[in-house]
Amino acid sequence: MHYRVKHITEYLYHGRVSHCYNMAHLTPRNTSRQRCINSNVDVLPKPSSQSYRVDYFDNTAYHFEIQKPHNKLVITSTSEVQTATQPGALDLHMGISCRDARHAMFQSRNADILMAREYLMDSPMVRASSELRDYAEALFEDEKPLMVAVKELTSKIYTEFEYSPASTTIATPVHEVMATRKGVCQDFAHLMIGCLRSLGYAARYVSGYIETLPPPGQEKLVGADATHAWVEVFSPGEGWFEYDPTNDCMAHEQHIVTGWGRDFYDVTPLCGVIYGGGENPVLSVSVDVRRLGDPAK
Amino acid sequence: MSQSPVSEDQVSQGQTSQSQSQSSRVPFEQLPQGGQQGQSMFTEHPDPLIYTGANGVLDEALFQDGQVRDHWGYLLNSLNELGCQNFRDRQAKALRILRDDGATYNIYGENSNPSHIWGLDMVPMVLDSVEWGKVEAGLVERAELFNLLLRDLYGPRDLIRQGVIPPEALFCHRGFLRPCQGVHLPGHHDLILHSTDLARNQNGDFVVLGDRTQSPSGAGYALENRSVMSRVFPSLFRDSHVHRLSVFFQRLRAKLTSLAPDQNQPRIAVLTPGAHNETYFEHAYLANHLGFNLVQSDDLVVRNGYLWMKSLDGLTRVDVLFRRVDDWFCDPVELRGDSRLGVASLLEVVRAGNLVIANPLGSGVLENPVFLRYLPEIARTLLGRDLRLPTVDTYWCGDSGDLAYVLDNLPNLVVKPVFRGQNSRSVYGPELDDAALNQLRVQIQENPTQFVAQAVVEAAHAPAFTGRELSARPVILRSFAVATETSYTVMPGGLTRMGLGERSFTIASQAGSQSKDTWVLASEPERAPSDDVMDEPVSREVDLISLPSRVVENLFWMGRYAERAEASLRILRVAFMMLNGDEVISPLTQHHLLQAVSNITVTPAQPLEGQNPEDALQSIIQNGAVLRSISGNLNAMLNCADETKELLSSDTFRVINDIRDALSILDDNFALSLSSAPEEALDPLVTALMALAGLIQESMIRGFGWRFMDTGRRLERCYQIAMAIDSLLVPAVPEADQSKLGEALLLSLEALISYRRRYRARVDVQASLDLVMMDNTNPRSLMYQVERLGEHIRALPKAATHMHELPSDQRQLLECETALKLSTLARLNAAEGERRLHLEERMQTICDQMLGLSEVITDRYFNHREDSQQLVLSNWEGM
């Protein structure tokens, strides 16, 4: 599928910001099922210096510095991407069993598996725990194919947790999400990653967008789409597979990836330091994902 | 260094030095009485210093049978000839020097008095050059290995891919900073400075206990130790042929300079967390020694992709940062978001190639002791051979085999957290009881990847002076290696630290361990350093203007606080003298005197209960606020001095120490001397403040630093004189009282003698005003201050402008000066009712003008810290 994504982030400050330094992850990356055709980030007021780089996770990071006093910051990211469905995601029952997967994670000397172990460990916002292990353990029977178990975990979270945009701030600890059984996409992603890691499987956080389709017969509203987050799990010998616990599915063509990391911390869309600005800046975000037709056809 | 001929030299040299010291060569300028040379000296010296070592532990200086090792012979003989009392005198002298140099080490968690004099034991640690040659080669090899390790960890990570290092060892370590991936320095080396802690085990071999790789501390203290030793024991030092340290520092400067992206007059700065950091002395000392600027977070700003220092004349580019701030505090955008010690966007400036930081950000990961467990394999993979210098046996609890061993052998191991934070400490198994051991086992099992254990190395002992005798203390050595173009240069020796007691395990400066100068004996006197490392004279003219604005601000306030404290002390002293004097003074005079004390010290006036002078005196002394006000100003002044340490001479520091001393006993002195002449308790402080003013006047270069300090001083003095006149001469009182109050004013301004010489009469208001207001030859008159201020203000850098309008600071001063010049004494003296209203108005205007001037200067020249905040609050947990 061919998309144009327009992602506008706007900060309104109550006090004047004299200067600021920011880092953004707003450019879609290339993956095994996605190609970024072009991308541009536009900032107002105009930055005095800016640069793009490929970061530790091979995501694109964009840095900018503004030296002009301002009360409003607007960042517009516009990208064109080509996406496809995940390869090899069709038959979940063919793959490695849970027991073999666990064994391979800890015993194999294969370079890919050794490097994937980075995603088995605690990260700034996700810690393994016995609570998370207990929550998911029953699904991961020794002989069951790992991908089947992961799919079941996706459904379990989808069924047992309530999607509730008002319920969490940007950084909700996973144990709190467990307690309230409520959250947004990034909370479910963190929760699922925590469960997988607690059981001995490597999992990472994927940040991006999802195309939402209007009800039949209605015009799609601009800005109605959303930033989204889901999970990638590592299957030894087979690679990484994307699952979306918020929508109870494997990620497909409508999932557009900006970047991945150990958790939200590694792919924060926008972070930085501002000087001045007063308290509680007002943040508004709008995302528009447009189909451009499929150039391959 | 070829080995066999040198070792022969060494033997013969050892013999020579022993025979020399037994004959004519006298190492000390003065020998103690009865200090006979010859075989009998061990027995006949009245006060000998003999070292016998400790039982059953390897000794640096002695063989097992008590014979002195060759390379220690000359030193131990010399100490013995010197004797205990003389040695104690030298130690006291050393302490004074350390104090005057401002050599301190701050112990965290001691809020009342965090700043300790750096602990130096005057018995050096001695190493012979043959052995040192081998250690040195091992240290160079190790530094090269750690450099390759650093490049791999932030590059391809082949060591992980190939299974040499388990992934958890790297990925679980909080020092592994993913934003630092791919940052490389120019040249072959990313690791510029490498340090190790070495101990000699009971087999006599040096083993490495650990590495310091992000901002190794101690090199500056080693240099200070050497400086003190060579001053206190000049001939002993000279005759011992000790390898110099200077080459190391020249190489360090040359390396840092060569890293600058812009080689045209590169500017290098030492980044310190600030005056409260434990090793702040060293930061200032190194900055001074190397000729670099000392900067803090607030002095720096990133603009247009470059790093700049905020200085008086605007922004000055910085090319290289020699940092003493830990990795994760350096950049709030990409590293620790709530850090106040770093500079926003610093890492991005580095990536753009516009700045080099040494050691590079992220290098703290090499301090992970888990790597020591895998070091043999790492060395074979990266170097293709085994390391010459052994590392202490290390076990990582993240490995199940190691974990089992550690849990079984805990009483014989030292347990360390893999990440060294401010509160993390090594735990010594042999010091724990069963309950503590069990607790430790649980702690390890809960989080095994976060702990390593190492075999306990019982370090060899060396002689140390413990006040009465030479005792044996365990010693460890911190080594320093700096990258050169092709390899590493190792400091000959390093910083030796010793345990608190015989056989004690803990050797850490935070625990109060003392240090030693380390002498690597050369086989022959060293030639002066060769030309290639000699310093080129560099013009520092540019630097005079490029002081960080924080520094000039502190100098300005140092001047103000010193003057403010002096004014308070003087008025208090005058009040005491008059109240205690033989002439009886009236209640009215008493009242105004007390009012003046209250105005100048900015404390509430105490109601006067009785009518006699004793009551008045009592009321001041019981008013604790007065003393608090004085000590508050002096402490503020001392803080400013700490912040500008690198600009003040050691003479200045001696005087500052006198102030610190006098201040600490002020309360006691004050209470004791109540009964008689309480004013004398204040004398030492007044004298010390005068000495400080004199020293600064006589020894500070007339650069902007001095101008700002003197501006602060003049401005404050002007304000205080106006305040004193306002308190003592504005009230119109009967003539006898008037004369007394005038006398008090003149006395407090040190002008009474001049007055008497000029007028030989009772003190009258008009003549007094002439002396303290108009007379520009009196250094304590208003006019004198205003004229000096004018000179300073005109000399400060100004923004270029085509307009002819006077800048606001000059206008403010001109108004003040003109008003003074246009005043007539008769009009000022005229009273309406109980007050001289015109005089009062004039003095208050001057006070306002001075405060206004201070604000203008602050706005124009000083650094305005703006509050920063994170755009998105990240709950960074350091992973």
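This is a short tour of a two-chain model, moving from one chain to the contact and then through the other chain.

The model is predicted, so local features are given only at pLDDT of at least 70 and side-chain atom pairs only at pLDDT 80 or more, while totals for chains, interfaces and linings use all residues. Residues are numbered from 1 along each chain as its sequence is written, and chains are lettered from A and ligands numbered from 1 in the order in which they are written.

**Stop 1: strands of chain A**

Begin by selecting residues 70–83 of chain A, which form strand β5; here helices (H or I, at least four residues) and strands (E, at least two) are DSSP runs, numbered from the N terminus. Add β1(A), residues 2–27, and you will find that β1(A) and β5(A) pair in the antiparallel sense over twelve bridges, where two strands pair if DSSP finds at least two bridges between them. Within this pairing, H7(A) stands opposite S77(A). Now select β2(A), residues 34–44, which ten bridges join to β5(A), again running antiparallel, and look for V43(A), whose bridge partner in β5(A) is I75(A).

**Stop 2: where the chains meet**

Turn next to the contact between the chains, which takes 34 residues from chain A and 33 residues from chain B, with two residues counted as in contact if their C-beta atoms, placed from the backbone, lie within 7 Å. On the side of chain A, the elements that each supply at least two residues include β3 (49–54), β4 (60–66) and α2 (111–116), but β13(A) gives the most, with seven residues. The residues on this side divide into 16 nonpolar, twelve polar and six charged (Ala, Val, Leu, Ile, Met, Phe, Trp, Tyr, Cys and Pro count as nonpolar, Asp, Glu, Lys and Arg as charged, and the others, Gly among them, as polar). Select β13(A) together with residues 868–870 of chain B, strand β22, to see the two strands pair in the antiparallel sense over three bridges, with I274(A) opposite Q869(B).

**Stop 3: helix pairs of chain B**

Chain B has 32 helices and 22 strands, and two helix pairs are visited here. Select residues 704–728 and 837–861 of chain B, helices α25 and α32, whose axes come within 9 Å and cross at roughly 160° (axes are lines fitted to C-alpha atoms, for helices over the stretch in contact, and angles run from 0 to 180 degrees between N-to-C directions). That angle makes α25(B) roughly antiparallel to α32(B), the word used for angles over 145 degrees, whereas those under 35 count as roughly parallel, 65 to 115 as roughly perpendicular and the rest as oblique. Among the residues that meet are L715(B) and Y719(B) in α25(B) and M843(B) and C847(B) in α32(B).

Then select α4(B), residues 84–100, and α8(B), residues 219–232, which pack at an angle of about 135° with their axes 10 Å apart and are therefore oblique to each other. The contact includes A94(B) and I97(B) of α4(B) and V228(B) of α8(B), and by class it has five nonpolar, no polar and three charged residues.

**Stop 4: an open sheet in chain B**

Finish with the open sheet of three strands in chain B, ordered β8-β9-β10 with antiparallel pairing. Its edge strands, β8 (300–303) and β10 (314–317), each pair on one side only, and neighbouring strands are turned by 45° against each other on average, direction ignored. Between β9(B), residues 306–311, and β10(B) there are four bridges, and M309(B) has T316(B) as its bridge partner.
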